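Let's take a walk through this structure, looking at the empty space first and the aromatic rings after that.

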Amino acid sequence: MYLGINGLGRIGKLSLWHHVSRKHFSGLVVNTGREVGGGLADLAAIIERDSTYGRLGTYLHGHTAGRMIQELDEEKGSMVINGVPVRILREARNPLDIAWRENDVKLVVDTTGVFKDPTADASEGRGAMRGHMQAGAEKVLLSAPFKIKSKGLDMPDDAITTVMGINDDMYDPARHNLISAASCTTTCLSYMIKPLMERMGADRILSASMVTVHAATGSQQVLDRLPGAGAADLRKNRSILNNIILTTTGAAKALSLVIPEMEKIGFMAESVRIPTSSGSLIILVLNLQDEFDTPTKRADINSIYREFSEVTPYLEYTEQQNVSSDILGTPRAAAVIEASETHTRTAAIPVNLGKVKGATVAAGADPVLNVPVTQAVVYGWYDNELGSYTNMLGDLTVKVADEMV
């Protein structure tokens, strides 16, 4: 089977790296939608070198590796990378017009970040993800959360959001043709929440919040520039080289698609972007209904993560002290729990039942009820590009492909 990759940005390029290393597919067909530089040789140079992760050869075979890209054919738009045939398509940007059928591509990973609406018709505007299927693909994997533009429309029956190891068992090959791999932040967050839910029970989590301290993405500017007409968030146009920039994240909404129990829990998610190229951190704060005699301690939280890490390759538990660059390239780790920074505090929260709707207070009784609540803080690292997200996207891609055969 040939795998199609639409887009050669950060996730597209690193997905190419992943699959030429893994060699699961007979070949890869990559759509750039336009010419790059002076031709195929320039594109090969871009593929082979990366400012964050170094050279492709070093990634594949260590420091003794030579050049990994060979047999460039400008006329055919083909090359061989680490022994894997790769065809480059450089004509169509609209998914409807990409030559997937002509290149025997049945599965496409769309990494452009442009075609995210699963309800959009293939003929709309610049195109839509369903255009890939009209162009010959049978299934489309999206390297971003779905985003339905028209209010009031429900998620289509053939679309699903999945995170490997969390809810990929809900994927039905006979039903689902559009598959979102959520986001790097949702992926990490789901592995920080799921172990606690399974061990403690969702009903004990009264509320939760998170902040992701996130590396820069393509939505930030290198230098300050003038915002477009009608721009609501002026900070997106400020220089990421000089600033910590407040922004938004859809992690809370996407998390409820992956872990439905989260819909019953008050949850807030915030994000700040910082001047690093990759390597991010989630600070998760949970309020747990507890017991006075046996309150939840730091060791209890860490024990849950340690045990969970022993049965899944996607969670890593560490008692070392890390910085963001230490996380880069960590293979298939959705989250790396920094156990030394886990903290808990238990206190009695006075609740005035007289102000609680539906509560009954006997005459003469004290209306104040002291409820033990433990606040827990957990830190989880993730490589938002190659190590965490792209590698897990690769695992999901292979799973979907294997169930197509």
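Start with the second largest pocket of this predicted model: 21 residues line it, and nearest its centre you'll find Ile160, Thr161, Asn167, Met170 and Leu257. Two elements each give two or more residues to that lining, namely β10 (159–161) and α6 (251–258). The pocket's volume comes out at about 340 Å³. If you sort the lining by chemistry, you get 11 nonpolar residues, 4 polar ones and 6 charged ones.

Now for space that a probe can't leave. How many cavities of 30 Å³ or more does a search of the whole structure find? The search turns up 1. The largest cavity holds about 60 Å³ of space. Its lining is made up of Thr162, Val163, Met164, Ala181, Thr187, Tyr389, Met392, Leu393 and Leu396. Helix α8, spanning residues 386–402, is the top contributor here, with 4 residues. As for the character of this lining, 7 residues are nonpolar, 2 are polar and none is charged.

On to the rings. A pair of aromatic rings is described by how far apart the centres are and by the angle between the planes. Searching the whole structure gives 2 aromatic pairs. In one of them, the ring centres of tryptophan 17 and tyrosine 59 sit 5.2 Å apart with the planes at 35 degrees; that angle falls between the 30 and 60 degree cut-offs, so this pair counts as tilted. The pair links distant parts of the chain, since tryptophan 17 belongs to helix α1 (residues 10–22) and tyrosine 59 to helix α3 (residues 56–61), 42 residues apart. Are the two partners buried or exposed? Tryptophan 17 has a relative accessible area of 0%, so it is buried. Tyrosine 59, at 29% relative accessibility, counts as partly exposed, because buried would need a value under 20%.

The other pair brings together tyrosine 191 and tyrosine 314, with ring centres 6.0 Å apart and planes at 65 degrees, so it is edge-to-face. Where do these tyrosines lie along the chain? Tyrosine 191 is in helix α5 (residues 184–200), while tyrosine 314 is in the loop between α7 (298–309) and β16 (315–318), so the pair ties together parts that are 123 residues apart in sequence. Tyrosine 191 is buried, at 0% relative accessibility. Tyrosine 314 is buried too, with a relative accessible area of 9%.

Terms used. Residues numbered from 1 in each chain as written. Predicted model: local features only at pLDDT ≥ 70, side-chain atom pairs only at ≥ 80, totals over all residues. Heavy atoms only, no water. 1 Å grid on protein atoms, 1.4 Å probe; cavity = no way out; pocket = protein on both sides within 12 Å on 5 of 7 lines; lining within 4 Å. Points joined across faces, edges and corners; volume = space filled by probe spheres on them. Nonpolar A, V, L, I, M, F, W, Y, C, P; charged D, E, K, R; others polar. Phe/Tyr/Trp six-rings, centres within 6.5 Å; stacked < 30°, edge-to-face > 60°. Buried < 20%, exposed > 50% of the residue type's maximum accessible area, 1.4 Å probe, protein only.
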